[in-house]
Amino acid sequence: NNTLLTEFVLSGLSSRPELQHLLFFTICLVYSMTLVGNLLICAVTAHPTLHTPMYFFLRVLSFLDISTASVVVPKMLVNILSEDRSISYLGCVTQLYCVVFLAATEWLLLAAMACDRYVAVCHPLRYAATMSPRACLCLVLLSCCGGKVVSVVQTAWVFTLSLCGPRRINYFFCDIPPLLLLSCADTARYERQLLSATVLVIFTPFCLILLSYACIISSILRLSSAESRHKTFSTCSSHLTVVTLYCASGTLIYLQPKSSNSQDTKKILALIYTTVIPTLNPLIYSLRNKEVKEVLIRVM
């Protein structure tokens with residue numbers, strides 16, 4: 001039991017043989033939609049008529065969605081049809097680091113997008129000066145730096161714990177909750193640290209987003225034109241939908257990291273934020289945005 005682990009075995013989404021091919025084709029289809037949808041968003045938002053901060057952030061969000069899905073899904077697809085579901089120790093470290101980095105960066109970017117919408121709606125005359133290209137780039141870099149700090153700390157904490165077995169991970173990728181179940185040491189201190197990190201990384205930006213939207217809704221209600229109210233609310237509701245999905249799935253996974261009774265539930269939630277949400281983002285932002293749809297039709 002005290003032998004150090006050199007590799008892990010991922011159990012995958014399901015152990016039932018009759019579901020493997022169905023899972024493979026379903027996830028392969030969803031992943032293809034993620035790539036096509038987000039690449040289209042990247043191409044469309046690069047159009048000269050959409051050179052505004054909102055579409056710059058949307059382009060970065062699409063890139064992060066592609067990266068998140070690509071870190072998890074290809075390995076998962078290989079494991080579904082392969083008898084060898086092992087992943088090396090270094091591969092597990094790398095996958096965990098990338099997943100945490102991309103998730104934290106995307107969450108901080110959503111907070112930056114909320115600030116952008118707040119300035120656009122509540123202070124439209126100062127919008128061009130406040131949200132300059134340099135300011136937008138700084139917000140993206142700050143999001144990346146914040147994501148990097150979180151991922152380095154969390155990955156280092158997990159892999160300094162004594163992981164003595166079993167080497168089978170009841171998950172479809174290397175994540176913090178299933179790895180904690182392999183530890184033979186007391187993880188109470190780490191769980192408190194993870195709870196603090198979850199509150200800091202998820203709830204602090206979430207409170208900022210809620211405050212921004214409280215001000216935005218107040219400004220929307222003061223608009224005299226019904227068409228202007230509908231357009232502004234439509235743009236903001238798209239962003240709020242994505243924020244709600246991320247917040248719900250993230251908090252339910254990481255608030256109780258070592259709860260073995262809910263591993264199947266956590267698998268579903270993890271599948272949502274690594275596979276489903278990256279597919280939904282292009283649909284949410286494009287189908288509800290008239291400007292994006294018009295440029296998309298012209299480009300195609």
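**Exercise 1. Place Glu-7 in the sheet and give the strand order.**

Step 1. Glu-7 stands opposite Ser-88 in S2. Helices and strands here are DSSP runs numbered from the N terminus, helices being H or I with at least four residues and strands E with at least two. The model is predicted: local features need pLDDT of at least 70, side-chain atom pairs count only at pLDDT 80 or more, and totals for chains, interfaces and linings use all residues. Residues are numbered from 1 along each chain as its sequence is written, and side-chain values use heavy atoms, with hydrogens and water left out.

Step 2. S1 and S2 run antiparallel and are joined by three bridges; two strands pair if DSSP finds at least two bridges between them.

Step 3. On the S3 side, strand S1 (residues 7-10) pairs in the parallel sense over two bridges. Val-9 has Arg-168 in S3 as its bridge partner.

Step 4. The result is an open sheet of three strands with mixed pairing, in the order S2-S1-S3. Strand S2 (86-88) and strand S3 (168-169) are the edge strands, each pairing on one side only.

**Exercise 2. State which helix lies across S1, S2 and S3, and at what angle to S2.**

Step 1. The helix is H3 (residues 89-122).

Step 2. H3 runs at about 85° to S2. Axes are lines fitted to C-alpha atoms, for helices over the stretch in contact, and angles run from 0 to 180 degrees between N-to-C directions.

**Exercise 3. Describe the packing of H3 and H7.**

Step 1. Two packed helices are described by the angle between their axes and the distance between the axes.

Step 2. For H3 and helix H7 (residues 188-221), the angle is about 20° and the axes are 9 Å apart. H3 is therefore roughly parallel to H7, a term for angles under 35 degrees.

Step 3. H3 passes H7 in a left-handed crossing, meaning that the near helix is turned anticlockwise from the far one by less than a right angle (right-handed if clockwise).

Step 4. The H3 residues that meet H7 include Ala-104, Trp-107, Leu-108 and Arg-117; among those on the H7 side are Val-201, Pro-205, Phe-206 and Ser-212. Contact means heavy atoms within 4.5 Å.

Step 5. By class, the contact of H3 with H7 has 20 nonpolar, two polar and one charged residues. Ala, Val, Leu, Ile, Met, Phe, Trp, Tyr, Cys and Pro count as nonpolar, Asp, Glu, Lys and Arg as charged, and the others, Gly among them, as polar.

**Exercise 4. Repeat the analysis for H2 and H5.**

Step 1. The axes of helix H2 (residues 53-81) and H5 cross at roughly 25° and come within 10 Å. H2 and H5 are therefore roughly parallel to each other.

Step 2. The crossing of H2 past H5 is right-handed.

Step 3. Pro-53, Phe-56, Phe-57 and Val-60 in H2 meet Cys-136, Leu-137, Leu-139 and Val-140 in H5. This contact of H2 with H5 has eight nonpolar, no polar and no charged residues.

**Exercise 5. Is Ser-143 buried or exposed?**

Step 1. Ser-143 lies in helix H5 (residues 133-160).

Step 2. The relative accessible area of Ser-143 is 4%, so Ser-143 is buried (buried means under 20%, exposed over 50%, partly exposed in between, with a 1.4 Å probe and protein chains only).

Step 3. Leaving aside neighbours within four places in sequence, Ser-143 is in contact with Thr-105, Leu-108 and Leu-109.

Methods
Parallel < 35°, antiparallel > 145°, perpendicular 65-115°, else oblique.
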